Amino acid sequence: MMPASRAMRLALAAFGGVLAMGTAVPSGAQDQAAAPAAPQPAAQPAPAAKPRLILAISIDQFSADLFAQYRQHFTGGFARLLSGAVYPQGFQSHAATETCPGHSTLLTGVHPARTGIIANTWYDAKVGRVVYCAEDERDPKSSAGQPVVSNRHLKAPTLGDLMKRANPAALNVAVSAKDRAAVMMSGHDADAAYWWLGKGFTTYAGRPVSAAATAQNVVTDKLIDAGAPALPAPAWCQKVDRAVPVGGFSIGTYRFPQVAGDYKTFNRTPRVDAATGELAVRLVDELGLGKDEVPDVLSVSFSATDYVGHAYGTEGVEMCIQMAQLDATLGTLFAALDARGIDYVAVLSADHGGIDAPERLVMDGFPTAQRLDAALTDKALSQAVSQDTGVTVKTGQLLYGAGASGDVWLAPGLTPKQQKKVIDALVVRLARHPQIAGVYRATDLAKLPVPKGDPQDWTLEQRTRASFDPAVSGQVLMMTKRGVVPGEPRQGYTTTHGSPWDYDRRVPMLLWRKGVPGFEQPDPVETVDIAPTLAAMIGLNEPLGTWDGRCLDIDGSQADTCRR
Ligand SMILES: [Zn+2]
């Protein structure tokens, strides 16, 4: 722990754009450097060599609340990150807090309004169906059930894209259990991108699965085919180890025994994270990441926290075990990079947060937690608005969407007059529903600027604006009240995220590099700050306006770049 005053100075330097102290600067020089408007030349810290590898980690559904709850228990990889720069309040500032939009902000440095990834899925009237964020729907082989994976919807370049543009020798690699995570973090110009698909890791159609990925698949197959015993629950999990009825079944006590040959549920267990980390290390070796002076980027998105959260909620023994296992998996990953002597900077954040199953929240004293009223699903709204307006369509479904992202799309084929009638009726109907906190028309959102400033202060409308792209967003956007969870509980799915509330928006942001002194900054930062911060660290100069976020001066060596 550093003295409070030093932490404060570092924080001031990071946020005021004042030159911060580097690791090699003696304390006297630090004071001088931190003094405002000093006429004499400020002591320049020796510029640290560029890290050779950026390790960008996303923990799917890792809320700031989970981080706060479990950080005291971490002894593995998280413990190392806790010794670095700790921003416990990072914001996925936008409203539609889903996986695809969240991952799209992490390395582009811009909000979904600019990445174009406004939700996990959207209704496309031209295609006549719901389209997946990481799909090439123009490919005749692509369908809603089996999308052909593509990066075409991502409108902004990722850090890896920009690094390769600046120097083609830079390598850009991503791995995850989820295709959309690997695609959104690597972007348009990936040297390798892998995700888990039913049985083994796979990649873009037409690309070979490399020897490293094939080797990992053999190892993972062997594990699944053999089965594995239940995972241990650390003593600190005792408090949350209790059965809670949800729908017609219980959650809260499951321990992830691997049934031999059960590929179906493997990705809902901590073991899929271990496999993801192992593949990441194999790719480091296969591609020679972090070996030469040209920095590379390795994105690793660990998905199991999200699958565990959806299946079992966030406040049971399942999530506690997941946190312990993930801590160990991160430790293994860092140890592997250490063993290879790679100079890397690790950054960890999340695509969105999450909330527990409403049934357990109510038991724990949060009586306002509730399931979304079935009257707010798109089919029910279609019927109701048809009755209100007399407007009908051949398919019977007038409206699409109304899911976790809040977008509602009109069916194609309506006249402008009918469209207006339907939108007006829908807005009136939503506005008077007790579970709705805000209703916005696309035409109004389009007139607003994308918000800036402290994301804690953004209005609901501003959060919605940051998730809005007129080319893909719905005609109406509805935001539910705090604690309203869409969907009825079923085995494997008891809760979700996607709301504009801070349990879904707030995620930790942790940065660590060997030799860089740690500090904790409790004030809010944004996930769009990650890319400009890393860009400055590797000397990647991009024009003003490239990022929605700002550069955080974590080691005092990049104040000038941060000031750009
Ligand atoms: Zn997610």
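Strands here are DSSP runs of at least two residues, numbered from the N terminus. With that settled, here are the close-ups, all taken from a predicted model.

**View 1. The enclosed spaces in the predicted model.** Counting cavities of 30 Å³ or more, the structure holds 2. The largest cavity takes in about 150 Å³ of space, while the second largest has a volume of about 40 Å³.

**View 2. A look into the middle of the largest cavity.** Its lining runs to 19 residues. Sitting nearest the centre of this cavity are Gly403, Ala404, Thr480, Pro486 and Ser499. Strand E16 (476-480), strand E17 (484-485) and helix H18 (502-505) are the elements that give two or more residues to the lining. E16 makes the largest share of that lining, with 3 residues.

**View 3. What kind of wall surrounds the largest cavity.** Sort the lining residues by class and you get 10 nonpolar, 8 polar and 1 charged.

**View 4. Around the second largest cavity.** Here the lining is made up of Ala56, Ile57, Leu106, Leu107, Met185, Val347, Ser349 and Ile530. Strand E1 (53-59) and strand E11 (344-349) each chip in at least two of the lining residues.

**View 5. The character of the second lining.** How many residues of each class line the second largest cavity? The tally is 7 nonpolar, 1 polar and no charged residues. Ser counts as polar, so the polar one is Ser349, listed in this lining.

Definitions and conventions
Residues are numbered from 1 along each chain as its sequence is written. This is a predicted model: local features need pLDDT of at least 70, side-chain atom pairs count only at pLDDT 80 or more; totals for chains, interfaces and linings use all residues. Side-chain values use heavy atoms; hydrogens and water are left out. On a 1 Å grid over the protein atoms alone, a cavity is a set of points where a 1.4 Å probe fits but cannot get out, and a pocket is an open set with protein on both sides within 12 Å along at least five of seven lines; lining residues have an atom within 4 Å of a point. Grid points are joined across faces, edges and corners, and a volume is the space filled by probe spheres set on the points. Helices (H or I, at least four residues) and strands (E, at least two) are DSSP runs, numbered from the N terminus.
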